[in-house]
Structures are given as structure tokens and as C-alpha cells.
Amino acid sequence: MKLTNALKGISGEYEINRLVGAFGSIAYVVSAIAFEGWDVMQKGRAFDVTAFCIAFPTGLGVAVGAIAGAVALKDRNVATAKVVESTGSLPATPPMPPAGPATTDATA
């Protein structure tokens, strides 16, 4: 299994969403560290560990989450289209989950 397989979709070909997400995330990691280094080394500002450790993972999480959502939506739509193409009808909607147990707490 190769790392580049993560950039391929259902059809086995590279997908633009996955490529843009991968390169965008790499660019974010490199640029955030480079700009922080520029501020510290060239401008003489103090390195704030707390601010960096709060902002950096948050931004990376947003980037990864957004691309994961886009890829998941596209893959779901491709799978639905393949079902429609092969059967001629829409996939069945999943049943509603069973209702949870009723609460018997008198304070509720």
C-alpha cells in the first residue's frame, strides 16, 4: 500500500479534491511555520508558544476537515450515481433508528 493511494478515488484515478487538500494542507504547515520563523528571526518578536499551539492545530483541523467533507460528499454522490446507472433506480433510504429508551426519572 502506497501513501499516494490516499489521493485516489473510487475509480482508482487521482482526484482533484484530494490533491488540492493534500497540497493545501502541506502548504499550510510549511507557511505557518515559515511565517512564524520570519516573525521571530527577522522582526525580533518573541515566540508565543501558547498562541502558536492554539492557532496552528485549529487551522490544520479546519483545512483537513473541509477537504474530508468535500471528498466524502463526492464519494457518496459517485456511489449513488453508480447504483442508479447499474439498476436504474435510486438507492433505498435507510430506516429511521429505533427510539432510545424512555426516561422514567421523576425529576425530568
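Which side chain meets that of Asp-39 in a salt bridge of 3.9 Å, N to O? Lys-43 is the partner, and the points below put that pair in context.

1. **Overall fold.** Please keep in mind that this is a predicted model. The secondary structure comes to two helices and zero strands. The radius of gyration is 23 Å, well over the 13 Å that the globule rule gives for 108 residues, so the protein is more spread out than a compact globule. Along the principal axes, the C-alpha atoms fill a box of roughly 65 × 55 × 25 Å.

2. **Burial and contacts.** Of the 108 residues, 10% count as buried. If you look at contacts between residues at least 6 apart in sequence, 49% of them join residues at least 24 apart.

3. **The Asp-39 pairs.** The structure holds five salt bridges, and Asp-39 takes part in the pair with Lys-43 at 3.9 Å, N to O. The side chain of Asp-39 also meets that of Arg-45 in a salt bridge, here at 3.6 Å, N to O. Both partners sit between the cut-offs for buried and exposed: Lys-43 is partly exposed because its relative accessibility is 48%, and Arg-45 is partly exposed because its relative accessible area is 47%.

4. **A bridge between the helices.** Asp-75 and Arg-18 meet through their side chains in a salt bridge of 2.6 Å, N to O. Asp-75 lies in helix 2 and Arg-18 in helix 1, so the pair ties together parts that are 57 residues apart in sequence. Asp-75 counts as buried because its relative accessible area is 17%, under the 20% cut-off. Arg-18 is buried too, at 16% relative accessibility. It is worth viewing this pair in its wider setting, since Glu-15, Arg-18, Lys-74 and Asp-75 are linked in a network of salt bridges.

5. **The largest pocket.** About 170 Å³ of space lies in this pocket. Helix 1 (16-41) and helix 2 (49-87) each supply at least two residues of the lining, and the largest share, five residues, comes from helix 1. By class, the lining has eight nonpolar, two polar and one charged residues. Among the lining residues are Leu-3, Ala-6, Leu-7, Phe-23, Val-64, Ile-67 and Val-71. Arg-18, from the bridge in point 4, also lines the pocket, as do Gly-21, Ala-22 and Ser-25.

6. **Ser-25 in the lining.** Is Ser-25 buried or exposed? Ser-25 counts as buried, because its relative accessibility is 13%. The residue is placed in helix 1. Leaving aside residues up to four places away in sequence, Ser-25 touches Leu-60, Ala-63 and Val-64. One of these, Val-64, is also part of the pocket lining.

7. **Gly-12, before the helix.** Gly-12 is found in the segment before helix 1. With 41% relative accessibility, Gly-12 counts as partly exposed. How many Å lie between Gly-12 and Thr-50, C-alpha to C-alpha? The two are 42 Å apart in space, with their positions 38 residues apart in sequence taken as a separation.

Methods. Residues numbered from 1 in each chain as written. Predicted model: local features only at pLDDT ≥ 70, side-chain atom pairs only at ≥ 80, totals over all residues. Heavy atoms only, no water. 1 Å grid on protein atoms, 1.4 Å probe; cavity = no way out; pocket = protein on both sides within 12 Å on 5 of 7 lines; lining within 4 Å. Points joined across faces, edges and corners; volume = space filled by probe spheres on them. Helix = DSSP H or I, 4+ residues; strand = E, 2+ residues; numbered from the N terminus. Nonpolar A, V, L, I, M, F, W, Y, C, P; charged D, E, K, R; others polar. Buried < 20%, exposed > 50% of the residue type's maximum accessible area, 1.4 Å probe, protein only. Contact = heavy atoms within 4.5 Å. Salt bridge = Lys/Arg side-chain N within 4 Å of Asp/Glu carboxyl O. Rg over C-alpha atoms; globule rule 2.2 N^0.38 Å.
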